[in-house]
Amino acid sequence: MSDHQAEDPTGSEPTSKRQSPSRSRTSARRGASGPRTVLRRARLASADGLSEPTDVYVRGGLVEGFDLGGAVDLELDAREQLVTPAFIDLHAHLRDPGQEVKEDLASGLAAAAAGGFGTVVSMANTTPPVDDPGLVTDLVRRAELIGQARLRPAATVSVGMRGERLTDFAALKAAGAVMLTDDGIPIADAHLMRRACEYAAELGLVIQTHSEEPRLRADGVMNEGRVSRELGLPGNTASAEAVMVFRDTEIARLTGARVHIAHVSCERAMRVAEWQRANGAPITIEVTPQHLTLTDESLRAFDPVFKVAPPLRTAADVAHLKEALRRGAVDNIGTDHAPHTLAEKERDLLEAPFGIANLEVTFALLYTRLVLTGELPLAALLRLLQGGPASVMGWQAPTLTPGAAADLTVIDLESELPVQGRSFKSKAKHNPWEGERLRGWPRLTLVRGNVCYDREAGDR
Ligand SMILES: [Zn+2]
């Protein structure tokens with residue numbers, strides 16, 4: 001058994017943990033009498049579709065209740081809109097510190113809120129990498145000042161992400177790191193991975209992997225297969241992923257560590273992960289919006305906007321991932337939001353960096369391409385963005401029950417609008433879905449009861 005207890009993702013930031021009991025009670029009292037907001041005539045998701053129009057009341061940063069009546073400070077029209085707990089992304093590259101030309105905390109967290117996300121786990125492959133408790137503390141402090149979506153930082157597994165020596169997991173956890181990952185770079189040394197898993201298991205921390213066998217993936221810039229051969233581009237075989245998923249899940253089984261397999265992109269890796277889980281490996285499985293909606297055929301345009309790691313795979317792989325979603329084999333959808341500058345992404349396909357910026361398009365993309373097509377129920381998509389990621393982390397599932405944190409997103413399920421990168425809050429405006437007409441755009445996002453994103457207010 002893990003000693004990791006279910007905690008509230010919204011109420012357990014290290015700063016609040018350090019508060020004295022009397023300070024906490026004071027905050028709660030102040031909260032109860034704080035500003036009161038109502039979302040009028042909202043539709044709530046339920047097991048059998050959408051509820052009747054309901055007034056949702058928010059007070060002092062918490063959900064107060066439904067159809068209560070009475071005076072309010074702020075009234076928001078949510079007619080014919082879905083009101084649901086704000087999403088949780090376990091996989092976003094916010095590039096801060098050190099790569100602020102690509103993204104920074106303020107732009108990344110604003111992009112998250114614009115995508116309906118209320119909580120984001122930031123990846124640690126920054127400059128310098130987040131391998132030191134002071135860097136974690138600084139991220140947490142700055143994110144609180146920004147007051148946008150909540151930040152729960154990841155820290156690196158190895159010092160400098162060099163894959164040689166473990167970081168001080170206990171100190172990183174004490175500083176507020178919620179996950180350990182060298183994501184961006186696979187951990188090549190199996191012995192180091194084993195020691196990391198043993199250490200993380202003791203602390204109840206999640207290790208997230210970037211599972212690609214580095215020597216097998218080599219210099220591949222796209223999926224190895226018929227399309228890469230026709231284009232004469234260096235391929236990255238699905239076997240590189242399947243081999244590493246086997247190793248990482250095997251070490252999870254050996255050590256009992258909670259290993260989260262990030263961005264599973266192909267049928268073979270998914271089959272390996274599922275087989276290992278069925279045989280006792282304590283793992284969880286993530287897929288991304290790009291691997292559910294794009295194939296290696298996209299690379300025929302030689303456009304680096306489609307260059308991502310692991311690479312876009314074949315239509316058969318996409319079909320298998322969708323089938324895995326339907327079976328409930330996938331724990332969460334992580335965006336792997338990976339912003340780069342336009343100049344970087346306009347380089348030659350061989351030279352351009354890997355990564356797709358997608359925080360703001362994720363829900364509309366998946367709602368339009370999976371839910372409206374009848375391939376996935378809305379409730380299943382919501383679970384992959386709410387209770388699913390919470391469960392991966394051992395956090396309480398977000399709910400709309402009275403007393404829960406008022407981290408809410410309001411989704412416009414009806415209006416069909418084109419993807420317009422130029423209106424993204426992210427510094428990265430280029431994306432693979434530019435111009436595609438989608439439904440299901442987030443319209444409002446509240447975090448701690450405060451409006452962090454409002455499309456109507458010219459935010460879009
Ligand atoms: Zn990765």
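**Note on two parallel sheets in a predicted model**

1. In this predicted model, 4 bridges join strand 7 to strand 8, the latter spanning residues 117-122, and the two strands run parallel. Within this pairing, I88 stands opposite T119 of strand 8, which gives the reader a position from which to follow the register by eye.

2. Strand 7 itself covers residues 87-92 and is mostly covered, since 6 of its 6 residues count as buried. The connection from strand 7 to strand 8 involves helix 3, residues 105-114, and the three elements together make a right-handed β-α-β unit.

3. On the matter of strand 9, 2 bridges join strand 8 to this strand, and here too the two run parallel. T119, already named as the residue opposite I88, has R150 as its bridge partner in strand 9, so that T119 can be followed in both directions, towards I88 in one pairing and towards R150 in the other.

4. Taken as a whole, these 3 strands form an open sheet in the order 7-8-9, with parallel pairing. Strand 7 and strand 9, the latter at 150-151, stand at the edges with a single partner strand each, and therefore one side of each is left without a neighbour in the sheet.

5. A further open sheet deserves attention: it has 6 strands in the order 10-11-12-15-16-17, and its pairing is parallel. Its edge strands are strand 10, at 154-155, and strand 17, at 332-333, each of which pairs on one side only.

6. Inside that order, strand 11, residues 179-180, is joined by 2 bridges to strand 12, residues 206-209, and these strands run parallel. A reader who wishes to locate this pairing may begin at L180, whose bridge partner in strand 12 is I207.

7. As for the wider setting of these sheets, the protein contains 16 helices and 20 strands. Of its 460 residues, 53% count as buried, and among contacts with a separation of 6 or more, 75% are accounted for by residues 24 or more positions apart.

8. On overall dimensions, the C-alpha atoms fill a box of roughly 65 × 45 × 40 Å when taken along the principal axes. The radius of gyration is 21 Å, which agrees with the value near 23 Å that a compact globule of 460 residues would have.

Notes
Residues numbered from 1 in each chain as written. Predicted model: local features only at pLDDT ≥ 70, side-chain atom pairs only at ≥ 80, totals over all residues. Buried ≥ 20, exposed ≤ 12 C-beta atoms within 10 Å, placed from the backbone. Pairing = 2+ DSSP bridges. Right-handed = clockwise from strand over helix to strand, strands pointing away. Rg over C-alpha atoms; globule rule 2.2 N^0.38 Å. Contact = placed C-beta atoms within 7 Å.
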